[in-house]
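The following note is written for a colleague who is beginning to read protein structures. Its points are numbered so that each can be checked in turn.

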Amino acid sequence: MKAFIFDLDGVLVDTAHYHFLAWSEICVSLAIPFSKEDNEKLKGIDRRNSLKILLKLGDIKLDETQFDYWLIKKNEIYTEMIDKLNRNDLFIGVIPLFEELKKRNIKIGLGSASKNAKMILKKLDIVNYFDAIVDGNMTTLSKPDPQVFLLNADKLGVQVEKCAVFEDSEAGIDAAITANMKAIAIGNDPSIKHADLVFENINSVDLNKVLSLYDN
Ligand code: B16
Ligand code: MG
């Protein structure tokens, strides 16, 4: 039994861009200099830890109440931005790949750091494709810790060596490697080049190349 576990933001849908825009607004309010390069360090990192990274960047200290205020604010901005998300926003190639995996009896998992993952899957109308969903509400440790993927393998009942993880973030690729799973990078950022395979986007995934990573 094999399983392919997909990250959500930046792999199946371009919500990574909205995370960037929402954090940019927060950074303007807090006068933190924030670039696209800085944003790479936030990909795959949960909300709390993302804010911690940004505060360090701006050398800012907040008390707990202020910290929670900006967390809530960021999520309000982000969820408003993705309010109109629908099936057309899926990256090209997602549905054909999922259909092919179903045909081949390869299980499909979702491994996302996002607490909004289920809501997004519903908007995209793809919930039914997944054999197991693990999101930021079910984990206590953020990527690069492998918890999100290990929990997924457990739910799927598939051995870690038989799982391939599709990720756009350095933290996610590192998590997959630590989990002893096959690490498939999606995108062209230099920080994910150390994956077992790299594809520019989900539409260019070569299934035979991924399957050639398996012994059988
Ligand atoms: P939320 P993924 C991650 O999702 C994003 O890459 C990351 O930028 C975001 O901070 C994190 O989810 C938490 O998201 O604020 O919606 O709970 O890439 O692991 O699917
Ligand atoms: Mg991602």
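1. Helices and strands are named here from DSSP runs, a helix having at least four residues and a strand at least two, and they are numbered from the N terminus. The model under discussion is predicted.

2. A cis peptide bond joins K143 and P144, with omega at about 20°. As for its place in the chain, P144 is found in the loop between β3 (132-134) and α7 (147-156).

3. Which protein residues supply donors to the magnesium ion (ligand 2)? They are D7 (OD), D9 (O) and D168 (OD), at 2.0 to 2.2 Å from the ion. Along the chain, these donors follow the spacing D-x1-D-x158-D. D7 belongs to the loop between β1 (3-6) and α1 (15-30), and D168 to the loop between β4 (163-167) and α8 (170-178), so the pair ties together parts that are 161 residues apart in sequence.

4. Are D7 and D168 buried or exposed? D7 is buried, and D168 is buried as well. The term applies to a residue with under 20% relative accessible area.

5. Ligand 1 is surrounded by 18 residues, of which D9, S112, S114, K115 and N116 are the closest. D9 is also one of the protein donors of the magnesium ion (ligand 2). The space that ligand 1 takes is the largest pocket. Two elements, α3 (47-57) and α4 (64-81), each give two or more residues to the shell around ligand 1.

6. Several short distances link oxygen atoms of ligand 1 to the protein. In the side chain of D7, an N or O atom is 2.7 Å from an oxygen atom of ligand 1. A backbone N or O atom of G44 lies 2.8 Å from an oxygen atom of the ligand, and a polar backbone atom of I45 is likewise 2.8 Å from an oxygen atom of ligand 1. Taken alone, ligand 1 exposes 470 Å², and the protein buries 98% of that area.

7. The backbone angles of D59 and N180 deserve attention. Phi of D59 is near 55°, a positive value in a residue other than glycine; D59 is found in the loop between α3 and α4. With a relative accessibility of 65%, D59 counts as exposed. Phi of N180 is near 70°, also a positive value in a residue other than glycine, and N180 is found in the loop between α8 and β5 (182-186). N180 is exposed, at a relative accessible area of 52%; the cut-off for this term is over 50%.

Notes
Residues are numbered from 1 along each chain as its sequence is written. Chains are lettered from A and ligands numbered from 1 in the order in which they are written. This is a predicted model: local features need pLDDT of at least 70, side-chain atom pairs count only at pLDDT 80 or more; totals for chains, interfaces and linings use all residues. Side-chain values use heavy atoms; hydrogens and water are left out. Donors are N, O and S atoms within 2.8 Å of the metal (3.2 Å for Na, K and Ca); water is not among the atoms, so sites may look incomplete. Buried means under 20% relative accessible area, exposed over 50%, partly exposed in between (1.4 Å probe, protein chains only). A residue is near a molecule or strand if one of its heavy atoms lies within 4 Å of it. A polar contact is a pair of N or O atoms within 3.5 Å; within protein, one must be able to donate a hydrogen and the other to accept it, and residues adjacent in sequence count only if both atoms are side-chain atoms. Accessible areas come from the Shrake-Rupley method with a 1.4 Å probe; for residues, only the protein chains shown count as cover. On a 1 Å grid over the protein atoms alone, a cavity is a set of points where a 1.4 Å probe fits but cannot get out, and a pocket is an open set with protein on both sides within 12 Å along at least five of seven lines; lining residues have an atom within 4 Å of a point. A molecule sits in a cavity or pocket if more than half of its atoms lie within 2 Å of its grid points.
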